[in-house]
Amino acid sequence: MSATESETTRFPPRRISALLRNRAFLTFIIVALVWVVAGFAKPGFGSFGHLRYLLELAAVIGLVAIGQTFVVIAGGIDLSVGAIVTVSAVGVPLVADLGDPTGTVPVLIVLAAASGIGLLNGLGVAYLRVHPMIMTLAMATFLQGVLILVAGGSAVSAQNPLLHWFGNARPIGIPAGVYLWVVVSAITLVVLHATPFGARIFAIGANPLATALSGVNTRTTTMAVYAIGGLTAGLAGVLLLGMNGQGYVGIGDPYLLASIAAVVLGGTSILGGSGTYAGTIPGAILLVTITALITVVNASPGWRSILFGSLILALLLFSGRESRGR
Amino acid sequence: MPAPIIAARDVSKSFFGNPVLRDVSIALVPGRIHALLGENGAGKSTLINLLSGALPSDRGTIEIDGKAVAALTPAAARNAGIAVVQQELSLTSSLSIAENIGLGAYPRRYGFIDYGALARRAKAVCDMVGLDESLSRPVGDLPLGRRQMVEIAKALFREPRVLILDEPTSSLSAHEADTLTRLLVKLREAGTAVLYISHRLNEVMRLCDHVTVLKDGVVTADQSLAGTDADGLVRLMVGRDPGDLFPSWTATPETETIVSVEGFSSGPLKDIDLTIRRGEVLGIGGLVGQGQEDLLLGLYGALPASARRASFDGVPGIPASVPKANALGLAYVPADRKREGLHLIHTIAWNMMLPQFGRARGLSLRNRGKEKALALDLADHLGIKGDLTRQVQALSGGNQQKVALAKWMPSDPSILLLNDPTRGVDVETKREIYILLRRFASEGKAVVLSSSDTPELVHLCDRVAVMREGKLAATLDRDGLSEEAIVAAAMGAEEAAQAA
């Protein structure tokens with residue numbers, strides 16, 4: 001047996017150079033650079049009001065991307081988040097408020113429903129062994145059908161005091177939605193990196209077979225991951241409803257690609273097993289920033305969409321390519 | 001004797017510095033069925049790969065029709081009329097029987113595939129091997145034995161002068177094997193050179209004319225089979241100097257049974273009775289793929305299994321899932337550590353903690369300080385050196401295996417199941433693992449060691465259960481334990497002797 005080595009050789013302290021290779025940190029740097037450059041180049045971009053507005057938009061993407069981060073780290077993908085956002089944005093006005101003057105009860109009901117949808121996704125993936133892409137895509141299509149039947153083509157307005165507050169209040173000048181995002185992000189980071197449950201998620205994504213043989217109940221963990229995906233998409237949906245004042249079919253559609261792009265821009269491996277929500281946060285901010293910059297360019301919506309797609313691809317080529325050595 | 005069609009002269013081959021073949025010569029002569037025998041890992045498959053151009057040799061020459069070939073490629077070997085029926089089937093399951101048979105050599109007309117000619121010629125070879133299925137059936141629909149026949153038909157389609165068969169009968173029914181035997185006799189009369197690899201000694205004794213025996217990459221016999229007995233062949237295959245590799249140990253006196261199963265079935269396993277005792281290392285031997293892995297995984301709750309009666313540490317029944325097996329004190333170290341044992345992209349310390357993560361309930365918080373201390377302790381205990389925040393994939397095979405073992409230590413399992421734990425592990429680590437396993441047993445725990453390395457079974461185990469075709473062929477006690485006895489039981493030498 002070898003001589004006992006010191007703890008510092010066994011667990012060497014991290015160096016500054018490691019930080020420079022940290023994808024989450026790099027994404028933060030990119031966001032900061034873009035903000036500084038755009039702030040100088042375009043008057044008004046760097047104003048507090050504008051940056052606050054960008055963060056408010058990023059909060060919705062960021063919330064959807066929490067669930068997406070969990071699912072992607074666990075080696076799956078959730079294509080139903082957009083539909084779940086719509087379900088909850090349209091669902092709150094449809095649920096009777098049950099005599100609750102604060103409007104909390106319908107929100108809780110909708111969040112429970114969103115989690116339930118996620119749980120069904122997890123059930124299909126874990127027990128029926130349906131590929132996550134197929135399972136969640138089918139779920140999205142199913143939900144869209146239900147929404148069209150229930151809500152039809154018209155927008156529904158919400159008279160919900162709780163959501164109105166979350167969508168419009170600005171304690172100490174910062175939107176309530178951003179507070180919500182900060183709190184939920186903190187919980188997310190703790191769950192991912194400081195609990196055995198979080199470690200199990202990384203394990204499943206990196207090697208499901210070895211994880212199962214190590215005594216991890218992979219099915220329960222998978223179901224929990226997809227339920228979280230449903231819950232955070234639902235949370236994003238109710239926040240969006242609060243900000244928008246009304247919900248309509250299709251309101252959640254842009255958040256599918258946005259959530260996946262935020263996850264990947266933040267350095268989480270699309271192959272699963274590694275990553276962090278700490279990268280998804282700047283990823284989400286980067287996305288809304290790019291969108292804001294494109295709006296400045298005076299172009300038709302078609303060209304804007306083309307520009308947006310190309311920029312995302314370019315960013316991913318620059319920073320997000322998977323190493324092939326697996 | 002006619003001149004050989006293909007011959008290897010003093011060929012050697014090593015992988016990563018491990019010599020697999022040393023100065024091996026073999027000559028395949030037309031009109032002769034040549035048997036190639038050897039234990040698992042003796043170098044048989046490597047020799048086939050050299051003869052078929054799939055691998056280049058490090059030294060020595062391959063001669064075709066008496067002329068040395070500088071660098072034999074698979075294409076050149078095919079053109080010279082050498083066809084190989086591999087052990088792992090190489091068929092495309094979505095294509096039809098006829099398409100598979102002709103694959104890569106489709107008859108053409110005007111640049112298009114001539115399906116008419118393909119069907120005619122495929123029909124002819126199918127008749128030879130006794131395949132009566134419709135030729136348009138996808139191969140994926142066929143049972144394993146039939147697929148093996150398609151594989152043989154595919155080799156015959158090219159009208160080979162040399163036919164190499166790697167364990168062709170391992171998945172064939174008795175009837176199919178008989179058809180194959182008749183076919184080979186016919187090919188011999190027609191002047192084809194056949195190289196026949198089989199672990200069934202009675203088959204070899206009945207069918208073959210000449211035998212080459214490999215042991216540890218060296219030819220130990222190259223002789224006519226006439227006048228040779230089965231026991232003599234077994235002796236030529238085994239026998240190695242155990243040297244200082246194995247620690248000395250004293251057998252634990254007979255102790256209480258910790259696991260007993262009766263009529264245990266799982267996957268290909270049929271009706272197995274097995275007892276595992278505290279304080280012993282129970283070896284599981286046999287040729288590769290006789291159900292050893294199914295046995296371990298079945299006991300571990302990772303594969304569906306049933307038994308007439310089962311008891312694990314006093315608890316009746318077989319554990320229904322891996323977490324339940326862990327709760328009963330079982331732990332499993334898999335054979336393919338990269339795929340089944342470790343998370344290569346995660347750190348050494350993290351890998352060692354995984355079973356703890358699996359056991360934790362609810363949303364408790366991790367205790368980093370405790371994790372660090374535990375990882376340090378395990379690393380020191382098992383001699384894993386250096387930075388524990390490195391990814392596991394940076395470690396050598398031996399050290400990876402130590403991590404795969406280390407992760408179970410904190411759970412303090414009472415029954416340790418190991419599947420070929422020393423495969424691809426350097427000698428020094430092997431010895432460390434052996435010491436560890438014996439220490440485990442001396443602490444009153446039960447160790448079940450499935451191994452393809454026969455000396456390991458002989459020198460480390462209190463008892464060895466030998467498996468053949470999903471059944472327990474024999475259970476050998478310490479007194480009757482020898483490499484000869486294990487190999488004889490694994491290959492069914494007794495039956496061969498009775499048949500002769």
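This report describes the interface between chain A and chain B, and then two residues of chain B, in a predicted model.

Residues are numbered from 1 along each chain as its sequence is written, and chains are lettered from A in the order in which they are written. Local features need pLDDT of at least 70, side-chain atom pairs count only at pLDDT 80 or more, and totals for chains, interfaces and linings use all residues, while side-chain values use heavy atoms, without hydrogens and water.

**The interface**

In chain A, 35 residues are in contact with 43 residues of chain B; contact means heavy atoms within 4.5 Å. The two chains bury about 3,100 Å² between them, with 62% of it on carbon and sulfur atoms. Buried area is the accessible area (1.4 Å probe) lost on putting two parts together, summed over both. A:R10, A:F11 and A:L213 lose the most area to chain B in chain A, together 24% of what that side buries.

Between the chains, 13 residue pairs are in polar contact, both residues at pLDDT 80 or more.

**Two residues of chain B**

Neither residue below is a glycine, yet each has a positive phi. Partly exposed lies between buried (under 20% relative accessible area) and exposed (over 50%), with a 1.4 Å probe and protein chains only.

| Residue | Phi | Relative accessible area |
|---|---|---|
| B:D10 | about 50° | 43%, partly exposed |
| B:D313 | about 50° | 34%, partly exposed |

Key
Polar contact = N/O pair within 3.5 Å; in protein donor to acceptor, adjacent residues only side chain to side chain.
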